[in-house]
Amino acid sequence: MSLLQWKDQFALGVASMDKEHRDLVDAMNRVFELDQQQAGKQTVDGAIQRLMQLTVKHFQDEERHMEAIGFPDLQRHARIHADMLRQVGEHYAAFQKGDGRVAKSFFDFLVHWLAAHICHIDRKYADHGAPVAGKK
Ligand SMILES: [Fe+2]
Ligand SMILES: [Fe+2]
């Protein structure tokens with residue numbers, strides 16, 4: 001069982017970003033699977049760290065992409081990323097202090113992030129960078 005299945009509505013039509021979003025979904029599902037299997041704390045820790053590394057890289061790449069297409073709301077989007085990284089860090093710190101199981105609130109945060117951030121926040125730069133014939 002996975003935490004989250006990739007849905008067509010997550011696709012933005014920006015190949016490089018879609019690929020990274022898929023990798024993030026995979027990394028989240030990996031953490032979920034290991035937690036379900038009651039894997040050792042170190043193993044789960046490694047999977048969370050991998051997810052965090054991918055997230056940091058994705059945000060950097062995404063901010064570079066927005067800069068390249070002249071997206072006007074880059075600063076605000078970057079602040080949302082920074083806030084999300086802070087929250088991931090807090091969830092990770094709580095995990096490290098705990099017994100090796102991942103809190104439901106951490107998974108809720110990850111799922112909400114994908115559904116809301118990709119579909120609404122990331123969608124804005126995708127629409128901005130879309131060909132003129134596109135919507136809006
Ligand atoms: Fe984003
Ligand atoms: Fe993104």
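**Entry 1: a loop residue**

I began at glutamine 38, which counts as exposed because it has 9 C-beta neighbours inside 10 Å. For burial I used C-beta atoms placed from the backbone: 20 or more others within 10 Å of a residue's own make it buried, 12 or fewer make it exposed, and anything in between is partly exposed. Glutamine 38 is found in the loop between H1 and H2. Its phi is near 55°, a positive value in a residue other than glycine. I then looked for a glycine with positive phi and noted glycine 70, just after H2, at about 70°.

**Entry 2: ground rules and confidence**

A note to myself: this is a predicted model, where local features need pLDDT of at least 70, side-chain atom pairs count only at pLDDT 80 or more, and totals for chains, interfaces and linings use all residues. Residues are numbered from 1 along each chain as its sequence is written, while chains are lettered from A and ligands numbered from 1 in the order in which they are written.

I checked pLDDT, the predictor's confidence in each residue from 0 to 100. The chain has a mean of 93, with 96% of its residues reaching 70 or more. Confidence is highest in H2, at a mean of 97, and lowest in H4, at 90.

**Entry 3: the whole chain**

I read 4 helices and 0 strands in the protein chain, in the order α-α-α-α from the N terminus on. Helices (H or I, at least four residues) and strands (E, at least two) are DSSP runs, numbered from the N terminus.

How does the radius of gyration compare with that of a compact globule? The chain has 16 Å, which agrees with the value near 14 Å for a compact globule of 136 residues. That radius is taken over C-alpha atoms, and the globule rule is 2.2 Å times the number of residues to the power 0.38. Along its principal axes the C-alpha trace spans about 50 × 30 × 20 Å.

Buried residues make up 17% of the 136. I also looked at contacts, meaning pairs whose C-beta atoms, placed from the backbone, lie within 7 Å. Among those between residues at least 6 apart in sequence, 66% join residues at least 24 apart.

**Entry 4: helix H2**

H2 has 28 residues and reaches 40 Å from its first C-alpha to its last, close to the 40 Å expected at 1.5 Å a residue. The expected span is 1.5 Å times one less than the number of residues. I listed its buried residues: Val44, Ala47, Ile48, Leu51, Thr55, Glu62 and Met66. Their cover includes H1, H3 and H4.

**Entry 5: the core**

Which residues touch the most other members of the largest nonpolar core? Of its 14 residues, they are Met28, Val31, Ile48 and Leu51. H1, H2 and H4 each supply at least two residues of this core, and H1 gives the largest share, with 6. A nonpolar core here is a set of buried Ala, Val, Leu, Ile, Met, Phe, Trp, Tyr and Cys residues joined through C-beta atoms within 7 Å.

I followed valine 31 outward: beyond its neighbours within four places in sequence, it contacts Val44, Ala47, Ile48, Leu51 and Val102.

Next came leucine 24, in helix H1. Leucine 24 is buried because it has 21 C-beta neighbours inside 10 Å. Leaving aside neighbours within four places, leucine 24 is in contact with Leu54, Thr55 and His58. I also took the C-alpha distance from leucine 24 to arginine 50: 9.5 Å in space, for 26 residues in sequence.

**Entry 6: helix H4**

H4 (residues 104-129) has 26 residues and reaches 36 Å between its end C-alphas, close to the 38 Å expected. I found a bend of about 45° at arginine 123, the angle between axes fitted to the seven residues ending there and the seven starting there. Phe106, Leu110, Ile118, Asp122 and Tyr125 are buried in H4. What covers them includes H1 (15-36), H2 (41-68) and H3 (74-97).

Two other H4 residues caught my eye. Tryptophan 113 is partly exposed, with 18 other C-beta atoms within 10 Å. From C-alpha to C-alpha, tryptophan 113 lies 8.3 Å from methionine 84, 29 residues away in sequence.

Isoleucine 121, also in H4, is partly exposed, with 16 other C-beta atoms within 10 Å. Not counting residues up to four places away, isoleucine 121 touches His77 and Ile80. Histidine 77 and isoleucine 121 are 44 residues apart in sequence and 7.4 Å apart in space, C-alpha to C-alpha.

Terms used: Contact = placed C-beta atoms within 7 Å.
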